[in-house]
Amino acid sequence: MPNAIIIGSGLGGLATALRLSKRGYNVHLVEQYHQAGGRLNQLKKDGFTFDLAPSFFSMSFEFQEFVNDAQIPMPFEFVELDPLYSVNFRDTKKTYKIYKNLDKLAGEFKTVEPNFRKNIEKYLASAGKFYHDTNELVIHKNFKNIAHYLLTLARVPMGHAPKMIRSFWDEVTRHFDSREVKEILSLVAFFLGATPLDTPALYSLLSYTELVHDGYHSVKGGMYKIVEGLVAEMKKQGIDITYHTSIETFEHKGDKVTAFIDQNGKKWSADLFVVNADAAVFRNKIMKKKSFRTEKLDKQKWTLAPFTMYLGIDKKLPELEHHSYFLGDNFEEYAEKIFKNNISLKKPYYYVTNVSKNNTEAAPENHEAVFILCPVPDLRFKTNWDDSEEIGNNILTDLGERIGVDLHAHVVSKTILPPPYWEKSFGLHRGSGLGLAHDLNQIGAFRPSNKDEDFKNVFYVGSSTVPGTGLPMAIISSKLVVERIEQTYGSLH
Ligand SMILES: Cc1cc2nc3c(=O)[nH]c(=O)nc-3n(C[C@H](O)[C@H](O)[C@H](O)COP(=O)(O)OP(=O)(O)OC[C@H]3O[C@@H](n4cnc5c(N)ncnc54)[C@H](O)[C@@H]3O)c2cc1C
């Protein structure tokens with residue numbers, strides 16, 4: 001049986017382990033952090049339990065495909081979100097609940113966008129067509145090279161071409177009049193870690209997956225149940241993870257890597273290796289590839305960095321929905337300037353999960369566990385985070401005013417994780433939260449490949465390789481990398 005070592009235990013690494021094991025590979029994982037999950041991790045503190053980063057996901061059917069392929073039972077229970085989320089505007093103080101049911105959604109917008117029902121149907125029909133015309137053809141595909149990718153793109157109906165040129169913001173502006181609807185629909189661009197002004201309109205397909213296709217799901221008992229469930233399945237199959245193990249270098253013979261070497265000089269040998277660490281960072285730091293040197297990576301487009309805050313509150317907050325966005329009154333200016341640290345973080349835009357609303361075990365009785373995510377500039381644009389406490393207080397004051405609770409007086413536990421934490425703990429370039437951005441020149445065959453350029457037994461899975469970022473994409477990525485491995489090694493079945 002061939003031996004495979006997976007470097008990193010993020011969702012992409014865990015899913016690849018189970019897919020390979022089912023195909024007869026002997027699999028072992030090494031991980032630099034103290035527990036599995038990568039960014040899909042957990043923080044326990046002062047009696048509160050928080051999911052470290054992801055709080056919900058779309059395209060739940062990708063998990064179904066994965067468990068069918070790995071032949072394991074679904075290791076967690078989905079909770080469908082309804083409403084999907086709510087959005088509050090600072091100036092008008094109005095909150096909109098976002099429903100999948102389009103009649104209910106139209107009701108939310110009846111005063112600001114009277115033609116909403118007609119406009120959204122047109123918008124979603126176009127987004128849905130694009131999704132179905134590209135999902136199997138492009139997103140679920142391994143490409144041999146750029147020519148193969150471009151030839152495949154040529155098979156996408158020409159009518160979609162303008163979506164490659166327009167921005168997401170232009171797309172919503174073509175369909176809707178009100179600032180509220182335009183801003184709310186374009187929030188999905190932030191899920192890609194970018195802003196609607198610099199995200200191509202083709203990602204309006206996310207509006208379709210959000211509002212029509214599959215909505216959003218979280219997990220009963222918290223998102224970390226996904227990881228616990230997968231690790232339990234791995235144990236049954238004899239797949240172990242060695243923690244506190246950071247790969248630093250490697251040895252090779254000809255075009256094959258013979259071993260990766262950790263911080264203690266221990267050699268990890270195998271027939272093949274799958275790298276779940278960031279595919280661009282690993283090629284830079286460990287593989288020392290010139291085409292991925294730091295100056296080159298710095299010139300690429302990276303997704304926004306996370307500034308996250310985990311709060312234990314000594315009272316219930318019925319005012320706070322399960323998932324909410326808090327927007328200001330200068331959306332376009334903010335979106336344009338936030339990346340490059342050209343705007344003050346005194347009145348930031350942020351996202352809040354009231355963790356204990358759906359998951360009561362996350363907080364003691366009559367308490368609330370609250371997670372806040374504020375997208376901020378990465379470490380290229382803001383190096384000093386000594387003001388983290390101040391930024392956290394700005395958010396607490398703002399949120400408190402907006403839900404009518406003096407939050408400062410009720411915080412009994414507070415943890416702030418600024419971009420340097422994300423860079424160091426999970427090896428993310430300059431603390432960028434979601435890896436390489438999804439511009440046209442950084443997706444498909446233009447994204448770092450899931451197959452190494454120099455060594456034929458080294459493969460990659462996860463956010464900065466194909467197809468892209470987010471939990472469903474990590475699952476698709478594991479499918480694509482296993483297909484690549486089978487192309488090289490043949491099926492063991
Ligand atoms: C704040 C935040 C919020 C998010 N919210 C959502 C959300 O709501 N929904 C959603 O779908 N997605 C969300 N995402 C994105 C999602 O978390 C990621 O796309 C996904 O978890 C990435 O999985 P991955 O397989 O690429 O691996 P990662 O999670 O990046 O794991 C890679 C692993 O490799 C390890 N590693 C790195 N270098 C080495 C080395 N040299 N040696 C050994 N180990 C190494 C790391 O420690 C890490 O554990 C969010 C991300 C962030 C940061």
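Two strands count as paired if DSSP finds at least two bridges between them. Keep that in mind as we look around this predicted model.

Let's start with a single bridge: the partner of Y85 is I98, which sits in β7. Y85 belongs to strand β6, residues 85-89, and this strand pairs with β7 in the antiparallel sense over four bridges.

Now zoom out to the sheet. β7 and β6 belong to an open sheet of seven strands with mixed pairing, and the order runs β7-β6-β15-β16-β17-β14-β18. At the edges you'll find β7 (95-98) and β18 (411-417), each of which pairs on one side only. On average, neighbouring strands here are turned by 20° against each other, direction ignored.

Next up, the ligand. There are 36 residues around the ligand, and G8, G10, G12, G38 and G462 come nearest. Three elements give two or more residues to this shell: α1, β14 and α18. α1 gives the most, with three residues. Sorted by class, the shell has 17 nonpolar, 17 polar and two charged residues.

| Element giving two or more residues to the shell | Residues |
|---|---|
| α1 | 11-22 |
| β14 | 305-313 |
| α18 | 471-489 |

α1 has a helix partner too. Two packed helices are described by the angle between their axes and the distance between the axes. For α1 and α2 (residues 61-70), the angle is about 30° and the axes are 8 Å apart. On the α1 side, A15, L18, R19 and K22 make the contact, while α2 brings F66, D69 and A70. By class, this contact has four nonpolar, no polar and three charged residues.

Conventions
Residues numbered from 1 in each chain as written. Predicted model: local features only at pLDDT ≥ 70, side-chain atom pairs only at ≥ 80, totals over all residues. Near = placed C-beta within 6 Å. Nonpolar A, V, L, I, M, F, W, Y, C, P; charged D, E, K, R; others polar. Axes fitted to C-alpha atoms, helices over the stretch in contact; angles between N-to-C directions. Contact = placed C-beta atoms within 7 Å.
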